[in-house]
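Open the model in your viewer and keep the selection tool at hand. Each stop says what to select and what is there.

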Amino acid sequence: MHSDYQLVRLANGAFSIRDRAAGETFHPVIGPRAEAEALYVRPLRIRERLQSESGEFVIWDVGLGGAANIATVLRSVQDLPGRLRVVSFDRTLEGLRFALNHAHDLEYFAGWEDVCSALLEHRAISLARSALKLDWDRHLGDFPVLLGRPEAAAWPKPHGILFDAFSPARNPDMWTAPLFARLHEILDPRRPCMLATYSRSTMLRVTLLLAGFHVGIGGATGEKEETTIAANTGDLIEHPLDRRWLGRARRSRSAEPLRTPHYRQAPLSTESWDRLLTHPQFR
Ligand SMILES: C[S@@+](CC[C@H](N)C(=O)[O-])C[C@H]1O[C@@H](n2cnc3c(N)ncnc32)[C@H](O)[C@@H]1O
């Protein structure tokens with residue numbers, strides 16, 4: 001059968017996965033492993049936060065894809081005692097299947113192939129590795145639809161969210177204002193949660209702010225100097241966006257959040273600007 005996926009070699013020699021139908025490469029800059037560390041593992045401070053958590057530490061992996069991000073998370077905490085719960089979301093498991101068939105070239109599974117293979121077969125798995133206890137569930141389907149259902153309120157509340165959809169232009173349904181508002185609404189306000197994503201676009205940052213998140217500068221990869229980090233509490237954000245950023249957002253020609261899953265670019269509306277000014281981050 002013809003696969004929608006293809007292995008591509010990046011300039012630095014690392015292999016990544018290209019989704020031909022979406023027309024996008026999963027980790028196009030410095031490769032899956034390095035990108036997962038720089039954009040998700042380090043900025044979300046997963047090691048430290050897992051260690052200081054007495055109960056379960058919960059990660060939502062939005063856009064499981066080839067599981068590079070989550071395999072890198074697992075590798076980064078495999079020597080720690082603790083309880084990790086991962087909830088992965090995707091509309092297909094074919095990215096993961098393709099990645100496992102190319103595990104040798106992709107390199108990032110590094111000892112977690114059997115666990116990731118088990119997730120292909122089972123909706124939920126539980127296991128222990130040394131002193132780390134892992135529970136891993138997956139939800140297959142359209143993420144905005146799943147998140148909108150009442151049952152989503154019963155999902156384990158996250159401490160960290162890896163948000164890795166395709167770009168807004170190609171995958172606008174994953175970047176709308178209603179989606180991030182719902183995501184913020186569903187978090188437990190008593191459980192500090194950080195979200196990391198690769199985009200640094202003004203439109204995304206405004207969307208997160210208007211959804212109620214505090215927003216700052218995330219980890220850097222080679223090509224982009226910065227990415228984005230958001231949290232439901234301001235003290236988790238090390239480099240918050242400031243009033244200079246706000247000034248640039250006001251002048252930007254692409255800052256207004258997407259209300260519907262149709263990509264377009266527009267400057268900030270008066271209503272969005274007024275709401276931004278009242279955000280606690282800028283007061
Ligand atoms: C950039 S890839 C994720 C790469 C992955 N995080 C990894 O580390 O290999 C984006 C993923 O988002 C998924 N996706 C896109 N739109 C979606 C939607 N509406 N609902 C659920 N998953 C979606 C795609 O199927 C794809 O696997």
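The tour goes from the ligand to a loop, then to three helices.

**Before you start.** This is a predicted model: local features need pLDDT of at least 70, side-chain atom pairs count only at pLDDT 80 or more, and totals for chains, interfaces and linings use all residues. Residue numbers start from 1 along each chain as its sequence is written. Helices (H or I, at least four residues) and strands (E, at least two) are DSSP runs, numbered from the N terminus.

**Stop 1: the ligand.** Select the ligand and its shell, meaning residues whose C-beta atom, placed from the backbone, lies within 6 Å of it. The shell holds 21 residues, and the closest are Gly 63, Gly 65, Gly 66, Ala 68 and Phe 143. Colour α3 (68-77), β5 (82-90) and α7 (143-148): these elements each give two or more residues to the shell. By type, the shell has nine nonpolar, seven polar and five charged residues. Here Ala, Val, Leu, Ile, Met, Phe, Trp, Tyr, Cys and Pro count as nonpolar, Asp, Glu, Lys and Arg as charged, and the others, Gly among them, as polar.

**Stop 2: Asp 142.** Select Asp 142, in the loop between β7 (132-140) and α7. Asp 142 counts as partly exposed because it has 13 C-beta neighbours inside 10 Å; 20 or more would make a residue buried, 12 or fewer exposed. Add Asp 90: its C-alpha atom is 7.0 Å from that of Asp 142, though the two are 52 residues apart along the chain.

**Stop 3: Leu 147.** Move into helix α7 and pick Leu 147. Leu 147 is buried, with 21 other C-beta atoms within 10 Å. Leaving aside neighbours within four places in sequence, its contacts (C-beta atoms, placed from the backbone, within 7 Å) are Ala 152, Leu 179, Arg 182 and Leu 183.

**Stop 4: α4.** Select Gly 95, Leu 96 and Ala 99, which are buried in α4. They lie on the same side of α4, because they cover an arc of only 95° around the axis, taken from the directions from the helix axis to the C-beta atoms. The buried residues of α4 pack against β1 (5-9), β2 (15-19), β5, α5 (103-106) and α6.

**Stop 5: α4 with α6.** Show α4 (residues 94-101) and α6 (residues 113-121): their axes come within 10 Å and cross at roughly 145°. Axes are lines fitted to C-alpha atoms, for helices over the stretch in contact, and angles run from 0 to 180 degrees between N-to-C directions. Now select the meeting residues: Leu 96, Arg 97 and Leu 100 from α4, with Glu 113, Cys 116, Ser 117 and Leu 120 from α6. They divide into four nonpolar, one polar and two charged.

Technical notes:
Two residues are in contact if their C-beta atoms, placed from the backbone, lie within 7 Å.
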